[in-house]
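User: Please take a close look at one part of this predicted model, the last helix, and then set that part in the context of the rest of the fold.

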Amino acid sequence: MKLKTWFWTLLSLILIVGAFSYGANNLGKYNFYYATHMKHPKNQYPFVTATSMNTMPSNYLPNYTIANSTTEPPTCYIAKTNVIEKGDYLRLNSYSLAYAHSKEQFENGKSLYIDFSENCHLSNTEKKNMGQTLYRTLNDMQDELKRNSDRPLINLQWIYNWYFNWLNS
């Protein structure tokens, strides 16, 4: 009788630890999937926050350059050339989008910087400053990421939504 109790207690403990471990791994690995599939206002970009928490596989945005850091926590930035005109440069990181007429201008700090709010919202002023082409590029980036990000085997979208809303409240 006592052996049976120990067996069920140990099995329950293993299952609970396993469920929490799987959940944490799932939310980290599929961060970009969850960020692009959550319901959000039109000018909010949850995937921008995801760039500050995880590295991004290059196949998620094949038409962009993805640079992943090796620091803790892992971060990444997304870059693209020839967005509006030949030779121009666009870079998105976890807090802003920068646009310059060339990569050299970007490196010298001569860029248009568009800042996101803490909850990844783009204000009407910032939207106006960036113009329709950059705004469309940002939306296209989000759509492409949504199409190409890996789909989780067990979808924990509701946990991700709760965590994102709690983090940004």
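Analyst: A residue is called buried when its relative accessible area is under 20%, exposed when that area is over 50%, and partly exposed in between. In this predicted model, the residues of helix H6 that are buried by that criterion are Gln 157, Tyr 160 and Phe 164. Because these residues cover an arc of only 60° around the axis, they lie on the same side of H6. On the other side of the helix, Trp 158, Trp 162 and Trp 166 are exposed. The partners of the buried residues of H6 are three helices, since the packing is against helix H1 (2–29), helix H2 (31–37) and helix H3 (46–50). Some care is in order over confidence: among the elements of the protein chain, H6 has the lowest mean pLDDT, at 85, whereas S3 has the highest, at 93. For the protein chain as a whole the mean pLDDT is 88, and 99% of the residues reach 70 or more.

The loop between helix H5 and H6, the latter spanning 157–167, contains Ser 149. With a relative accessibility of 8%, which is under the 20% cut-off, Ser 149 counts as buried. When its neighbours within four places in sequence are left aside, Ser 149 is in contact with Phe 32, Tyr 33, Thr 36, His 37 and Tyr 60.

Before that loop comes the sheet and the helix that packs on it. The sheet is open and consists of five strands in the order S1-S2-S3-S4-S5, with antiparallel pairing. Its edge strands are S1 (65–68) and S5 (112–115), each of which pairs on one side only, and the twist averages 15° from one strand to the next. Helix H5 (residues 124–148) packs on this sheet, where it touches S2, S3 (89–92), S4 (96–100) and S5, and its direction makes about 75° with that of S5. At the S1 edge, S1 and S2 (residues 76–81) are joined in the antiparallel sense over four bridges, and Ala 67 stands opposite Tyr 77 in S2.

Two cysteines deserve a separate word. Cys 76 is buried, with a relative accessible area of 6%, and Cys 120 is likewise counted as buried, at 2% relative accessibility. A disulfide would require the sulfur atoms to lie within 2.5 Å, but the cysteine sulfur closest to that of Cys 76 is in Cys 120, 13 Å away, and is therefore too far for a bond. The count of disulfides accordingly comes to zero.

The loop between H3 and S1 holds two further residues that can be placed. Pro 57 is located in this loop and is partly exposed, with a relative accessible area of 34%; its C-alpha atom is 28 Å from that of Gly 109, a residue 52 positions apart from Pro 57 in sequence. Ser 58 is found in the loop between H3 and S1 as well, and Ser 58 is exposed because its relative accessible area is 51%, just as the cut-off of over 50% requires. The C-alpha atoms of Ser 58 and Asn 68, which are ten residues apart along the chain, are separated by 9.4 Å.

To return to the part in question, H6 has Gln 157, Tyr 160 and Phe 164 buried and packed against H1, H2 and H3, while Trp 158, Trp 162 and Trp 166 are exposed on its other side.

How values were computed:
Residues are numbered from 1 along each chain as its sequence is written. This is a predicted model: local features need pLDDT of at least 70, side-chain atom pairs count only at pLDDT 80 or more; totals for chains, interfaces and linings use all residues. Side-chain values use heavy atoms; hydrogens and water are left out. Two strands pair if DSSP finds at least two bridges between them. Helices (H or I, at least four residues) and strands (E, at least two) are DSSP runs, numbered from the N terminus. Axes are lines fitted to C-alpha atoms, for helices over the stretch in contact, and angles run from 0 to 180 degrees between N-to-C directions. Contact means heavy atoms within 4.5 Å. Buried means under 20% relative accessible area, exposed over 50%, partly exposed in between (1.4 Å probe, protein chains only). The arc is that of the directions from the helix axis to the C-beta atoms. pLDDT is the predictor's confidence in each residue, from 0 to 100.
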